[in-house]
Amino acid sequence: MGVTEELEYDESMISLLEAVWGKGFMSPGGADEVDRVLGNKDLSQARVLDIGSGIGGAAVHIALTRQPSSITGIDIEENLVDLATALAEKNNVSAICDFQWVETGPLPFDPGSFDIVFSKDSIIHIADKFALANDVHRLLSSGGWFLASDWLCGYEGEPSPQMQAYIDAEGLDFGLASAEVYQRAFEAAGFVDIELEERNAWYRTQARVERDNLAGPLYDELLSRVGGDFLSREIDVWDKMIAVLDSGEHRPTLLRARKKL
Ligand SMILES: C[S@@+](CC[C@H](N)C(=O)[O-])C[C@H]1O[C@@H](n2cnc3c(N)ncnc32)[C@H](O)[C@@H]1O
């Protein structure tokens, strides 16, 4: 999986992402997009796993709105686990919502431990989609759902120079794969009812709003917290991201798949 040792999501990055995407969120769309991922699936009394729970916004939202029996968020960055735990406490959901630090690699839970495996824009960091799909399938109970959002790519093989420039500017450990790769990985793991819902058109518009907020209303407040150099770099990341959203190489996508009964 090759996640680097240093923090990918440090304090400045978290401040900026929360300013753009909302308290507790390190990915686009906030609670509305989480609801879209989950759709009308019934989570009441379900045991839920959130892979790559970040600073906890999605898991806390699920705990507050979907009556799961439990939701466990896992992340490889300890500072994020601490922030997520504090968010759950602040929202009085710690009794059902906890966060654990994990190492990269197979997920440390017994087969059938969860009824729903959720993930929001985190499995991009896990390069081997076949191993991931097998692992999620193993953790699910019969009939359980994998409900996720992720950033996919619209090409096979090497990225274009424009896409490579965006990936380099992000500086994050991305393991991008196409919709075809996800589809094959889910099928190979034994999933059924596989659905992939393209979100490129929505995010292409939304990313422009985010970029204009960063350069406009959010700029002065963020300047004192993260500094001008960081802010300029991130505005440049957004510009490069908008270019590859427009070209279709960057494809945010919702993924849903069910383990057979
Ligand atoms: C873009 S953030 C999204 C966080 C959160 N899901 C949200 O939507 O706000 C990606 C998260 O995935 C975590 N991550 C990266 N590699 C991981 C892995 N192998 N296992 C679990 N989490 C991972 C990162 O530390 C980070 O918190």
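Q: Which element is the place of Asp 193?
A: In this predicted model, Asp 193 belongs to strand S6. Strand S6 covers residues 191–198 and is one of the edge strands of the sheet.

Q: Why is Asp 193 called partly exposed, rather than buried or exposed?
A: The relative accessible area of Asp 193 is 42%. Buried requires a value under 20% and exposed a value over 50%. Asp 193 therefore falls in between, and is classed as partly exposed.

Q: What makes the phi of Asp 193 worth recording?
A: Most residues other than glycine have a negative phi. The phi of Asp 193 is near 50°, which is positive, and the residue is not a glycine. Gln 67 is another such case, again with a phi near 50°. Gln 67 sits in the loop that links H3 and S2.

Q: What makes S3 and S6 edge strands?
A: The open sheet has seven strands in the order S3-S2-S1-S4-S5-S7-S6. Strand S3 (97–101) and strand S6 (191–198) each pair on one side only, and they are accordingly its edges. From one strand to the next, the twist averages 15°. The pairing within this sheet is mixed.

Q: How do you know that S4 and S5 pair?
A: Pairing requires at least two bridges between two strands. S4 and strand S5 (residues 140–153) have six bridges, in the parallel sense. The two strands therefore satisfy the criterion. Individual partners can be named: Phe 118 is opposite Leu 147 in S5, and Ser 119 has Ala 148 of S5 as its bridge partner.

Q: Why is S5 described as mostly covered?
A: Of the 14 residues of S5, 12 are buried, and buried means a relative accessible area under 20%. Cys 153 is buried, at 5%.

Q: Why do Cys 97 and Val 102 count as buried?
A: The limit for buried is a relative accessible area under 20%. Cys 97 has 3% and Val 102 has 7%, so both qualify as buried. Val 102 lies in the loop between S3 and S4. Its C-alpha atom is 32 Å from that of Gln 206, a residue 104 positions away along the chain.

Q: How many disulfides does the structure hold, and how do you know?
A: The structure holds zero disulfides. A disulfide would need a pair of cysteine sulfur atoms within 2.5 Å; the count of zero therefore means that no pair meets that limit.

Q: What makes the largest cavity a cavity, and the largest pocket a pocket?
A: Rolling a probe the size of a water molecule over the atoms shows where empty space is left. In a cavity the 1.4 Å probe fits but cannot get out, whereas a pocket is an open set of points. The search of the whole structure gives two cavities of 30 Å³ or more. The volume of the largest cavity is about 60 Å³, and that of the second largest is about 30 Å³. The largest pocket has a volume of about 740 Å³. Among the 49 residues lining this pocket, Tyr 9, Gly 52, Asp 121, Ser 122 and His 125 are the closest to its centre.

Q: Which element gives the largest share of the lining of the largest pocket?
A: H10 does, with four residues. Helix H10 spans 228–247, and among the other elements that supply at least two residues are strand S1 (47–51) and helix H5 (129–139). By class, the pocket lining comprises 28 nonpolar, 11 polar and 10 charged residues.

Q: What makes up the lining of the largest cavity?
A: The lining includes Glu 33, Lys 120, Asp 121 and Arg 199. These are charged residues, because Asp, Glu, Lys and Arg are the types placed in that class. The lining as a whole has six nonpolar, two polar and four charged residues. S7 gives the most, with three residues; S5 and helix H8 (200–215) are also among the elements that give two or more.

Q: Why is one residue of the lining of the second largest cavity counted as polar?
A: The lining consists of Ile 124, Trp 151, Leu 152, Met 163, Tyr 166, Phe 174, Leu 176 and His 250. His is named neither among the nonpolar types nor among the charged types, so His 250 counts as polar. The division is thus seven nonpolar, one polar and no charged. S5 and helix H6 (161–170) each supply at least two residues of this lining.

Conventions. Residues numbered from 1 in each chain as written. Predicted model: local features only at pLDDT ≥ 70, side-chain atom pairs only at ≥ 80, totals over all residues. Heavy atoms only, no water. 1 Å grid on protein atoms, 1.4 Å probe; cavity = no way out; pocket = protein on both sides within 12 Å on 5 of 7 lines; lining within 4 Å. Points joined across faces, edges and corners; volume = space filled by probe spheres on them. Axes fitted to C-alpha atoms, helices over the stretch in contact; angles between N-to-C directions. Buried < 20%, exposed > 50% of the residue type's maximum accessible area, 1.4 Å probe, protein only.
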